[in-house]
Amino acid sequence: ESYDMGGHDTFMHKEIAEQADAVDRVLRGRIDDRFATVRLGGLNMDAREARAVRRVKILGCGSAYHAGLIGAQLIEELARIPADAEPASEFRYRNAVVDPDTLYIAVSQSGETYDTLAAVQELKRKGARVLGVVNVVGSAIARETDGGVYVHAGPEVCVVSTKCFTNTAVAFALLALHLGRIRDLSVADGKRVIEGLRKLPAQIAEIVANEDRIAALAADYAQAKSMMFVGRVRGYPVALEASLKLKEISYIHAEAYPASELKHGPLALIEPAVPTVAIVPDDDLVDKNRATLEEIKARSGRILAVAHTEQEKADHTVVVPRNEPELDPILMGIPLQLLAYHTALALGRDIDKPRNLAKSVTVE
Ligand code: AGP
């Protein structure tokens, strides 16, 4: 992959289109079918050390933080280690308790984000073990961490992250699988997740091939005054990232909420000029999510659902292919990258260089 646009009108469009290949690259050479696990040579952590981890704390900023939220859920689900993610920009200022049994993970596309680097340096000073999930090889965060997983997304030029976000989530799935298989994740579950990972590139290509339908929808949603993004559990980080991306490049105000929180306040915002994008995977929470769609409809809200099947209560549904439920967030984010892109295009925005933003914030 190179630094030219390769026939696309923007780097963002090129980078969205490259995702099937990028995911193929983050998986390549890492899957170990014999033991239904993955090999991550750069972790610098043997099985005994990995088994001693009692908690995982993931730190990053912006889209990297959102990918970290997906990572924390994957680690809890597959490895059954308590895990959470926090903005590195907050963590570094709150004199957090640094726990020797916690594995800290810094996430960054550039590897140069100052807030994330400062959090790593503070953790290292206090004796913590810190891994990096980083895209740029040899970057400051990659150098300062004890080991990690390279994301192998290739160069990402557009200010907003697309392929690196997706690859980071996949890198976390690999790490979660590795940590799970040296704990209690069964061979059968290991194989199930590996099969799911292998399906991702073709499924991503299928979503991207449906771009025209999303472009048609975006022409309509571009008129919105504000947009709401909602998801439950696995869907919530997808909502956060989709909302950030829309804001960054279209300048339409957007909010992301856990679907369960709507009735605790933000439902007051719902009206026809404030459409909702709802993440509705066909998992054990599907009935709860459908009830949320009904609540929104009852307030005359318009709904765009991202789901595995057409949603009766939604005005429009973008159907994504099924995979293993743990991997749903990876696929469900992709149509929403396209929604942000086409909304910004319809509004004539400078997509690769949105106002007021830099690709990486390397200063205080
Ligand atoms: C660009 O504005 C991104 N959306 C931004 O949130 C970015 O993810 C963040 O600044 C962190 O960058 P990094 O991944 O290079 O550390």
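**Exercise 1.** In this predicted model, find which helix gives the most residues to the shell around the ligand, and describe the classes of residue in that shell.

*Solution.* Begin with the helices: the one that gives the most to the shell is helix 4, which covers residues 62–79 and supplies three residues. Next, turn to the residues themselves, where 16 are found around the ligand, and those that come nearest are G62, S108, Q109, S110 and T113. Finally, sort the shell by class, which yields nine polar residues, six nonpolar ones and one charged residue.

**Exercise 2.** Work out the order of the strands in the open sheet, and identify which strands lie at its edges.

*Solution.* The open sheet is built from five strands, which follow the order 4-3-5-6-7 with parallel pairing. Strand 4 (83–87) and strand 7 (147–150) are the edge strands, since each of them pairs on one side only. Between neighbouring strands of this sheet the average turn is 20°, with direction ignored. To look at one pairing in detail, take strand 3, residues 55–60, which pairs with strand 4 in the parallel sense over five bridges; within strand 4, A85 is the bridge partner of I58.

**Exercise 3.** Explain why helix 11 can be called largely enclosed by the rest of the structure, and compare its reach with the expected span.

*Solution.* Start with burial, for which a residue needs 20 or more other C-beta atoms within 10 Å of its own. In helix 11, 15 of the 16 residues are buried, and therefore the helix is largely enclosed by the rest of the structure. Then consider the reach of helix 11 (residues 235–250), which is 22 Å from first C-alpha to last, close to the 22 Å expected at 1.5 Å a residue. After helix 11 comes Y251, which has a positive phi near 65°.

Methods. Residues numbered from 1 in each chain as written. Predicted model: local features only at pLDDT ≥ 70, side-chain atom pairs only at ≥ 80, totals over all residues. Pairing = 2+ DSSP bridges. Helix = DSSP H or I, 4+ residues; strand = E, 2+ residues; numbered from the N terminus. Axes fitted to C-alpha atoms, helices over the stretch in contact; angles between N-to-C directions. Expected span 1.5 Å × (residues − 1). Buried ≥ 20, exposed ≤ 12 C-beta atoms within 10 Å, placed from the backbone. Near = placed C-beta within 6 Å. Nonpolar A, V, L, I, M, F, W, Y, C, P; charged D, E, K, R; others polar.
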